[in-house]
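Here is a set of short exercises, each with a worked solution. Keep the sequence and the structure in view as you go.

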Amino acid sequence: MAHSVRTGRSAFEHVFGTDWWTHLESRPDLGALFDRAMGNDTRQVHAAALEAYDFSGVRRLVDVGGGHGHLAAALLRRHPGMTATVHDRPQAMAGAGAVLAEAGVADRASVVGGDFFESVPPGGDAYVLCRVLHDWDDARAERVLANVRRALSGGGRVVVVDAVVPEGDVPHPAKAMDLTMLALHGGRERTEAEFAKLFDAAGLRHTGTWPSSSPISVLTAEAA
């Protein structure tokens, strides 16, 4: 942690000589353990997002960094008129097809591998980034959002599901998580004002924040 505090960079990379994701890919046993550990947390985050924000009216959803497709599956079950694309690194989406099929929504979903630092699938009218931006520093988070901005259809929206750090010296779980993200990835949790600044830098305009009963909030943005 001292390395991260002094430099603002990942202590994990300093110790292991590689980033967190590459390390997990090189150790499938640890990767599988991590996926299982995250499963329950992910379900709670998705439930909080669905509680906080109404996705009605979305025709084509693109779940950027969507992993195994659990959020897309939940949204497709809730909204029969919606189609969805799950986009992530191919290794991260290994189980997405099975998840979508088990949910009975595979006929309205597609799985597209790629690197969201390079591009994201075009044509969506809603792009969801669930617990994606907090993994990255501002420069890399801005790059992801700029790629989403380029792909966004006219009148579309960006939906970010992440913790929002409250202003001032008040307790909040995101403050502990902020230290964890710094040490693991060089990432960070953000205040609402910091999210708005990030949107602005990517050519987007912050349009609203919807808190949930959990530490997770939903923030929306549209093309500036």
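**Exercise 1. Find out whether Leu 145 is buried or exposed, then list its contacts.**

Step 1. Leu 145 is buried, with a relative accessible area of 0%. Buried means under 20% relative accessible area, exposed means over 50%, and partly exposed lies in between (1.4 Å probe, protein chains only).

Step 2. The model is predicted: local features need pLDDT of at least 70, side-chain atom pairs count only at pLDDT 80 or more, and totals for chains, interfaces and linings use all residues. Residues are numbered from 1 along each chain as its sequence is written, and side-chain values use heavy atoms, with hydrogens and water left out.

Step 3. Place the residue: Leu 145 sits in helix α7. Helices (H or I, at least four residues) and strands (E, at least two) are DSSP runs, numbered from the N terminus.

Step 4. Set aside neighbours within four places in sequence. Leu 145 is then in contact with Leu 129, Leu 133, Val 158, Leu 198, Phe 199, Ala 202 and Leu 204. Contact means heavy atoms within 4.5 Å.

Step 5. Check a separation. Leu 145 and Thr 180 are 35 residues apart in sequence, and their C-alpha atoms are 23 Å apart in space.

**Exercise 2. Determine which residues of helix α9 are buried and what covers them.**

Step 1. Helix α9 spans residues 192-201, and Phe 195, Leu 198 and Phe 199 are buried in it.

Step 2. Look down the axis of α9. The buried residues fall within an arc of 100 degrees, so they line one face of the helix. The arc is that of the directions from the helix axis to the C-beta atoms.

Step 3. Turn to the other side of α9: Lys 197 and Asp 200 are exposed there.

Step 4. Find the cover. It includes α7 (138-151), β5, β6 (190-191), β7 (204-211) and β8.

Step 5. Go on past the helix. Gly 203 follows α9 and has a positive phi, near 85 degrees.

**Exercise 3. Describe the largest nonpolar core.**

Step 1. Begin with the term. A nonpolar core is a set of buried Ala, Val, Leu, Ile, Met, Phe, Trp, Tyr and Cys residues joined through side-chain atoms within 4.5 Å.

Step 2. Count and name. The largest core has 33 residues, and those with the most contacts inside it are Phe 55, Leu 61, Leu 75, Met 82, Val 128, Val 161 and Val 218.

Step 3. Trace the sources. Two or more residues each come from α4 (28-52), α5 (70-78), β2 (83-88), α6 (96-102), β4 (126-130), β5 (157-165) and β8 (216-223). The largest share, six residues, comes from α5.

Step 4. Apart from this core lies another, of 27 residues, with Val 132, Ala 141, Leu 152 and Leu 198 among them.

Step 5. Zoom in on Met 82. Not counting residues up to four places away in sequence, Met 82 touches Phe 55, Val 58, Arg 59, Leu 61, Leu 75, Leu 76 and Arg 108.

**Exercise 4. Follow Ala 163 to Pro 215.**

Step 1. Ala 163 lies in strand β5. At 4% relative accessibility, Ala 163 counts as buried.

Step 2. Pro 215 is in the loop between β7 and β8. With a relative accessible area of 35%, Pro 215 is partly exposed.

Step 3. Compare sequence and space. The two residues are 52 residues apart in sequence, but 5.7 Å apart C-alpha to C-alpha.

Step 4. Leave out neighbours within four places in sequence. Pro 215 is in contact with Ala 163, Val 164, His 172 and Pro 173. The partners of Ala 163 include Arg 131, Phe 195 and Pro 215.

Step 5. Look at one of those partners. Arg 131 is found in the loop between β4 and α7. Arg 131 has a positive phi of about 55 degrees although it is not a glycine.

**Exercise 5. Place Thr 85 and find a partner distant in sequence.**

Step 1. Thr 85 belongs to strand β2. At 3% relative accessibility, Thr 85 counts as buried.

Step 2. Thr 85 and Ser 110 are 25 residues apart in sequence and 4.8 Å apart in space, C-alpha to C-alpha.

Step 3. Beyond neighbours within four places in sequence, the contacts of Thr 85 include Arg 60, Asp 63, Ser 110 and Pro 121.
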